[in-house]
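Colleague: Could you take one part of this model and look at it closely, working outward from a single strand to what surrounds it? I would like a connected account rather than a list.

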2 protein chains.
Amino acid sequence: METFAESLDTPSVVIDVDVVHANIRRFQTYADVHGFKVRPHIKTHKLPLIADMQIAAGAIGITCQKVSEAEAMVAGSSLITDVLITYNIVGAQKLARLAALARKVRLSVVADSAAVVDGLSAAFAGEASPLGVLVECDTGANRCGVASPEDAAALARTIAASPGLVFGGLMTYPPAGGEAAVQRFMTKAKALIEAAGLAIPVISSGGTPTMMHAAEAPVVSEYRPGTYVYNDRSLVMRGACGWEDCALSVLTTVVSVPTANRAVIDAGTKTLTSDLLGLAGYGHVLGRDDLAIDQLSEEHGRIVSTGPIGLRVGDRLRIVPNHACVVTNMVDEVHLIEAGRPEPRKVPVAARGRIR
Amino acid sequence: METFAESLDTPSVVIDVDVVHANIRRFQTYADVHGFKVRPHIKTHKLPLIADMQIAAGAIGITCQKVSEAEAMVAGSSLITDVLITYNIVGAQKLARLAALARKVRLSVVADSAAVVDGLSAAFAGEASPLGVLVECDTGANRCGVASPEDAAALARTIAASPGLVFGGLMTYPPAGGEAAVQRFMTKAKALIEAAGLAIPVISSGGTPTMMHAAEAPVVSEYRPGTYVYNDRSLVMRGACGWEDCALSVLTTVVSVPTANRAVIDAGTKTLTSDLLGLAGYGHVLGRDDLAIDQLSEEHGRIVSTGPIGLRVGDRLRIVPNHACVVTNMVDEVHLIEAGRPEPRKVPVAARGRIR
């Protein structure tokens, strides 16, 4: 612990590249064995360099949530040639940028209403190549998505009949443990759509928590895991991985030990965020199972213990956050460590803050 | 609503400058009447331009939480000449930057332990001008701070005896409604320190929620409000202000209306953050008291209603977030609107992401 990334000031977000490689390999192997494709969601790392590692390992492309994320990723990579934006793109400014991006890479998006499809069609009717549009399906997460296989089939026909667009398939972000619901919804939607004479190029699902159960919904042909590349406390607490599989940690310094069982570190919500994901506490102190991070303010993290806390001002602690994806959005750069490289390598988080 | 900042893409963080002016004036007037100084915390806006407005209105300087915030604010302003960093500065890299900054402006910091004082003294012993160090006192918030007036007096003597440092006074961030506790702690600490022959240049307290009760702790000579400049949903729900006093809102677009009582906007935790501050829901939709933002993911905000939701894809909504300070940390720029200026003015958030 004491020799960990000594040259870094704190707080700093540190990424263990060797763990990243292992995490990527593990799921790619599972997908290869079960015969589906991997299209990782870049929201977790936001780094072209790691997207390239995922593609080199076998991923067919990437998933982004916003046009601006996709722009940043494509600009920073030579391996990204295929991007799916799993978001309803609405509004003239975003549609113009989408059309410009579609001239550079193979691009597809999703839609869950005729209003979204109409906007996409108007933007792409004059383009040389049509835009692939997948129907987003609500398989139980109750966020976006058409509500029934019948609605999915109807919207697929609308897309296929719209100038500038081609029907790209079906997409869902399922509820945790929703493989059976995905299988049921997608099987029915597929039958309806094929009966209407349309081919379904892809059926795409996602989510790290139950990704090792992806094969339980064999109708799915493509999977979009995000967090698996770094893992985090929420996944450890769900039993999806161990602390040794967590590639991202936040290096912090103890700045105050005001009482025998309280300490304060220099990372608060501006680094660790307020995301609880159903957990108690705001992160795990590596190597100190006896400590709890029970309260955060913007720049302070409060650590408490039942016994004597055993910390001194200046001690450095590594924290595994509850949610890795949101932490990489808080910092302008992360620091990569790797076996055999003595010094961390600073990398800008290219797609940080890309909210449009 | 429909004519609000039409040229902006969404999500965008919009600041109403006229409301900012009124908010600054209201508290400065209260402070002037009651005879204490104002030293606003810049964590809310992170903008040199608004710090300058606060100073022009009568503030004696600014408060920052981290050295890097102070660096960014000083670099962007010609009016900031006095900075208090209300944080234990620990570690060689930060201490070197602190010393460099102290050569540019009148700078002071806080400490709550001899370990922190020793580090500061080592860094400033060779400097031409000594560093002012205030003792941070825990008046009930249970974060940082010495635990008793006796400990405060002892640390004041340690500071006064340390090469390169001068004793700068007492500082606290009180618990909500803690004026009586502040008055009690500080009165006793003041008596002990003065009995030891030390003068107390300032007694500094802070916090927006009960700032209009600051005069109930008359021992306090300086107040550090932060959120008051923008206000937010948490302050409206506490009864501290009304929606019309909220200067910051997030302009969003409805991207999906999947069911009769559910809609999704294009702002999630990457804009509004997960901060709940004890509230239910993640923000207030201006003009639509009947709606609740009941769930956020990174790029989706879910809005629900009990009756028909009355929203269509493409509608724009303005959201007052639970916590303004954390929202300005999520975006690279904010957009200022002002009576008489037809177009919003884009301003980079100079001190965003300054976590060190």
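Modeller: In chain A, strand E5 (residues 106-111) and strand E6 pair in the parallel sense over 4 bridges, and within that pairing Val110(A) has Leu134(A) of E6(A) as its bridge partner. Between these two strands the chain passes through helix H5 (residues 114-124) of chain A, in a β-α-β crossover that is right-handed. Before going further, I should say that this is a predicted model, and that what follows is a reading of computed values.

The strand to look at closely is E6(A). All 7 of the 7 residues of strand E6 (residues 131-137) of chain A are buried, so the strand is largely enclosed by the rest of the structure. Leu131(A), Val133(A), Val135(A) and Cys137(A) point one way from E6(A), while Gly132(A), Leu134(A) and Glu136(A) point the other way, and the residues of both sets are buried. Leu134(A), the bridge partner of Val110(A), therefore belongs to the set that also holds Gly132(A) and Glu136(A).

E6(A) also pairs with strand E7 (residues 165-172) of chain A, to which 7 bridges join it, and these two strands run parallel. Here Val133(A) has Phe167(A) of E7(A) as its bridge partner. The connection on this side goes through helix H6 (residues 149-160) of chain A, which with E6(A) and E7(A) makes a right-handed β-α-β unit.

Both pairings belong to an open sheet of 8 strands in chain A, with the order E2-E9-E8-E7-E6-E5-E4-E3 and parallel pairing. Its edge strands are strand E2 (37-38) and strand E3 (62-64) of chain A, each of which pairs on one side only.

The helix that leads into E6(A) deserves its own look. The buried residues of H5(A) are Val116(A), Val117(A), Gly119(A), Leu120(A), Ser121(A), Ala123(A) and Phe124(A). In general, an α-helix has 3.6 residues a turn, so residues three or four places apart point the same way. The cover over the buried residues of H5(A) includes strand E4 (82-88), helix H4 (92-102), E5, E6, H6 and E7 of chain A.

Leu120(A) from this helix and Val133(A) from the strand come together again in the largest nonpolar core, which has 207 residues; those with the most contacts inside it are Met73(A), Leu120(A), Val133(A), Met73(B), Leu120(B) and Val133(B). For Met73(A), leaving aside its neighbours within four places in sequence, the contacts are with Ile42(A), Pro48(A), Ala51(A), Ile62(A), Cys64(A), Ile80(A), Ala350(A) and Ala351(A).

As for the chain that holds this strand, chain A has 10 helices and 17 strands, and 55% of its 356 residues count as buried. Of the contacts in chain A with a separation of 6 or more, 67% are between residues 24 or more positions apart. A compact globule with 356 residues would have a radius of gyration near 21 Å, and the 22 Å of chain A agrees with that, while the C-alpha atoms of the chain fill a box of roughly 70 × 40 × 35 Å along the principal axes. Elsewhere in the chain the pairing is of another kind: strand E13 (residues 291-296) and strand E14 (residues 301-305) of chain A run antiparallel and are joined by 5 bridges, with Arg302(A) of E14(A) as the bridge partner of Gln295(A), and the two form a hairpin with 4 residues between them.

Chain B also has an open sheet of 8 strands, in the order E2-E9-E8-E7-E6-E5-E4-E3 with parallel pairing. Where the two chains meet, the contact takes 49 residues from chain B and 49 residues from chain A. On the side of chain B that touches chain A, the elements that give two or more residues are strand E4 (82-88), helix H4 (92-102), helix H5 (114-124), strand E10 (248-259), helix H9 (269-272) and helix H10 (324-328) of chain B. E10(B) gives the most to that side, with 5 residues, and the residues of that side divide into 16 nonpolar, 19 polar and 14 charged.

Notes
Residues numbered from 1 in each chain as written. Chains lettered and ligands numbered in written order. Predicted model: local features only at pLDDT ≥ 70, side-chain atom pairs only at ≥ 80, totals over all residues. Rg over C-alpha atoms; globule rule 2.2 N^0.38 Å. Buried ≥ 20, exposed ≤ 12 C-beta atoms within 10 Å, placed from the backbone. Contact = placed C-beta atoms within 7 Å. Nonpolar A, V, L, I, M, F, W, Y, C, P; charged D, E, K, R; others polar. Pairing = 2+ DSSP bridges. Right-handed = clockwise from strand over helix to strand, strands pointing away. Core = buried A, V, L, I, M, F, W, Y, C linked by C-beta atoms within 7 Å.
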